[in-house]
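Let's take a walk through this one together, stopping at a few places along the way. Have the viewer open and follow along.

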Amino acid sequence: MLVHNALDRATAVARHWATSGCPVVIHVDRRVNRKDYTAFAEGLADLGNVKFSKRHRVEWGTWSIVAATQSAAELVLASFPQVRHVYLASGSCLPLRPVGELRQYLDSRPRTDFIESVTTEDVPWTVGGLDRERFTLRFPFSWKRHRYLFDRYVRLQRRLGFKRRIPAGLVPHLGSQWWCLTRETLTAILNDPDREMFERYFTKVWIPDESYFQTLVRQYSQNIESRSLTLSKFDFQGKPHIFYDDHLQLLRRSDCFVARKIWPQADRLYSSFLSNDPAVTKNAEPNPGKIDRLFAKAVDRRTRGRPGLYMQSRYPNEGWENGKTCARYSVFEGFEELFENFETWLFKAVGGRVHGHLFHPARAQFAGGETVYNGGLPDSAALRDYDPKAFLTNLIWNTRGERQCFQFGPGDEQDISWYLATDPNAQISVITGAWAVPLFHSSNNFAYIRREAAALQKIEAKHLDILRSPHTRARVRIWTMAEFVQNPMEPLQIIIDEIAPRGQRRLTEAPVMADLNGFGQFLQNLKNQGMHPHLMGDFPVGDDPASSTRERQKPYLVK
C-alpha cells in the first residue's frame, strides 16, 4: 500500500487486508510528519503480518513513486515467502468484494500477471500529455512544482531535435499504475542484472510509475492479462474520478475487487465494503465495462451538456456557417461490417438512395455501382479528394428531394470528418469498434491483424473526438459495438424513424448479424499482445455476444 494521507482510512483498509489473511507492506510518504506516522504505525502494531518499508519523499510524475514501490515490494518478497501474488494498492483504494474471493481468483491463475501493458502507439488515455516523447526526452523538472521549467525544457529539446536512446531490447509500454504480479515476475524485475541501467533511464522518463513495471514485465512474464484488477476511472481531462457514498450501487455493479479513488469522508462506502460478509459474495469476473456507459454519459454531460445550459466547464462557440448542405442525409458507420447485406436491407427499409463508402480510397461507391452520378459527378477518388467538401455538397444538391445514405469508416479518407460533424443536416450513426469484425473473420496472421486493428482504432478514436466536439452540429448517435448487439432493433428503429417518419416505413425484419462467436476472446488476445481495444465496449471472455441472434432476426413489426 502506498499511503500519503487519510491515515485513519488507510489503517482500516490495511487491517481489513491483514485480518483476512493477506500480508501487508505499507509505504508512507516521507512528507507525512513523524507524529502522524508513529500513530499510524502504532495503530497496526498488533498485527504481525503488517510491515512498513523504507520511506521516500513521493512526488507525482517522478521516479520517487517507483522507488517507493520497489522498496515495499522487496520487503514483501523478503518477509513473506508464502506470498505468490503481490497486489499494489494505494491508501485511497477500497476492497469491493470479500478478500477470500480475490484469493480464490488468484489461486486459479497462479502464473498470471495482471497489469495493463500497452504499446505507446495504442494508448488512448494520454489526455493533453505525452506518449512516445516521454521515453525519448529528458524530464528532470517536476511538472507540478516547476511547470515553467518543465515546459521550456521540453520545447528546447524539441527545437534541438534531442532524443534519448531507449535501452536495447526494451519496447516502451504504458498502463495503469495498479498491478497484481506473480512472485516470480516481480522477483525477476527487481533482480534484473541490468536494473541499475534501467533505473538510470527511467528516472528521467515522465510518469515512470505508468511505464517502468509495464515495460519490464514484458521481459519476464509468461502469461500477461493486460488489465488491472483495480477499478479506476478518469474524466475527459485525465483526472481520476473520486467515488462518493452515492456511488455505492455503481461500485457493486462493477464486480471489481478493488476501487480507487475513494473520498476519505465516504463513511457509507467504507462501512459497506470493509467486511467479508458472504452475503455479498459474487464469484463473478471483474467487469468494469458494465459501468462505462454511465461514465460516458457523465463525460458527455460535462463536455456537451443540455441545449441552452451554460456553465464554466463548457462554453459553446456559435457556428458561423449558414447551412453547409441543402438537405438532410444519413451517414452509417460500422453497420456494413456488423450486418450482412446492410445496404440492401436499408434500401428496403427507407426507400432512399443507399450508397456504399463514398469516400473509399479507391473510388466513390455510388448506389447501384454507377460510375457517374447525378450532376455528372464521377466516381474518381482523385477528383473527389481534390475538394471533398464540394463533392458532398454537389451530391446533396443534385439529389435534393431524395434522402441520401452512405457508409463511412476508419478505412475511408478522413478529410471530410470535420465537415460532416459540423453540418446540421447530417444524421450520423456510429457503432464504434465494428471495423474489428472483418479482422476477426480474417485469415491473415495475427501480427498483421494486430497492426491493422491498432491503426484503425487510432483513426476511429480521432474521428470520435471530432463527433464529440462541442462544435459538432450534426445529429450524432454513438453506440459501442457491445451495446448495439445486445438490442439492435431499438436503435435501428430509431434511425429509420428519423429518416422516414413512423407510419410511413415499418421494419418487417432485422438485418442478419455477422457471427460474433468467440469475439470476446479475440479482443482479449489483442490485449495480451500489447494492444488496448477499447472502442468495442465490453465483450466478456468466453461469452457469446451473438447468443440471441436468432431472436434479433425474427420479424419485427412496429405497432
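Start with Val-32. Setting aside residues up to four places away in sequence, Val-32 touches His-4, Leu-7, Tyr-37 and Arg-55. You'll find Val-32 in the loop between β2 and α2 (34-42). Is Val-32 buried or exposed? Its relative accessibility is 10%, and the cut-off for buried is under 20%, so Val-32 counts as buried. There's also a link to a later stretch of chain here: Arg-57 sits 25 residues away from Val-32 along the sequence, and their C-alpha atoms are separated by 9.0 Å.

Before going further, a word on what you're looking at. This is a predicted model. The chain runs to 559 residues, and buried ones make up 50% of them. It has 23 helices and 21 strands. Take the contacts between residues at least 6 apart in sequence, and 76% of them join residues at least 24 apart.

Back to the start of the chain, where Ala-6 is worth a click. Ala-6 belongs to the loop between β1 (2-3) and α1 (7-19). Its phi is near 45°, which is a positive value in a residue other than glycine. With a relative accessible area of 26%, Ala-6 is partly exposed.

Now for a pocket, the second largest one. Its volume is about 630 Å³. Which elements give two or more residues to its lining? They are β2 (24-28), α3 (64-79), β4 (85-87) and α4 (99-107). The lining has 24 residues, and those nearest the pocket's centre are Cys-22, Pro-23, His-85, Val-86 and Tyr-87. By character, the lining splits into 17 nonpolar, four polar and three charged residues.

Next, move along to the loop between α8 (195-202) and α9 (212-220), where Thr-203 lies. Thr-203 is partly exposed, at 26% relative accessibility. Pro-140 is 63 residues from Thr-203 in sequence, yet the two are 8.3 Å apart in space, C-alpha to C-alpha. Ile-207 is found in the loop between α8 and α9 too. Ile-207 has a positive phi of about 55° although it isn't a glycine. At 5% relative accessibility, Ile-207 counts as buried.

Another backbone oddity to look up is at Lys-261, in the loop between β12 (258-259) and α11 (267-273). The peptide bond leading from Arg-260 to Lys-261 is cis, with omega near -5°.

Now for the interior. In soluble globular proteins, nonpolar side chains tend to be buried together. The largest nonpolar core here has 70 residues, and the members that touch the most others are Phe-335, Leu-338, Met-481 and Phe-519. Helix α19 (residues 446-467) gives the most to this core, with seven residues. Apart from it lies another core, this one of 46 residues, including Met-1, Ala-18, Leu-96 and Leu-229.

Met-481 is a good residue to centre on. Leaving out neighbours within four places in sequence, Met-481 has Leu-338, Phe-519, Leu-516 and Phe-539 among its contacts, along with Ile-431, Thr-432 and Gly-433.

That brings us to Thr-432, in strand β19 (residues 426-432). How does this residue sit in the fold? Thr-432 has a relative accessible area of 2% and is buried. What lies 2.5 Å from a polar atom of the Thr-432 side chain? It is the backbone oxygen of Leu-535. Beyond neighbours within four places in sequence, the contacts of Thr-432 include Glu-460, Leu-464, Ile-478, Trp-479 and Met-536.

Finish with helix α22 (residues 519-528). Phe-519, already met as a core member, is one of the buried residues of this helix, and the others are Gly-520, Phe-522, Leu-523, Gln-524 and Leu-526. What covers them includes β10 (224-225), α18 (436-440), α19 and α20 (481-486). Just after α22 comes Gly-530, which takes a positive phi of about 100°.

Notes:
Residues numbered from 1 in each chain as written. Predicted model: local features only at pLDDT ≥ 70, side-chain atom pairs only at ≥ 80, totals over all residues. Heavy atoms only, no water. 1 Å grid on protein atoms, 1.4 Å probe; cavity = no way out; pocket = protein on both sides within 12 Å on 5 of 7 lines; lining within 4 Å. Points joined across faces, edges and corners; volume = space filled by probe spheres on them. Helix = DSSP H or I, 4+ residues; strand = E, 2+ residues; numbered from the N terminus. Nonpolar A, V, L, I, M, F, W, Y, C, P; charged D, E, K, R; others polar. Buried < 20%, exposed > 50% of the residue type's maximum accessible area, 1.4 Å probe, protein only. Polar contact = N/O pair within 3.5 Å; in protein donor to acceptor, adjacent residues only side chain to side chain. Contact = heavy atoms within 4.5 Å. Core = buried A, V, L, I, M, F, W, Y, C linked by side-chain atoms within 4.5 Å.
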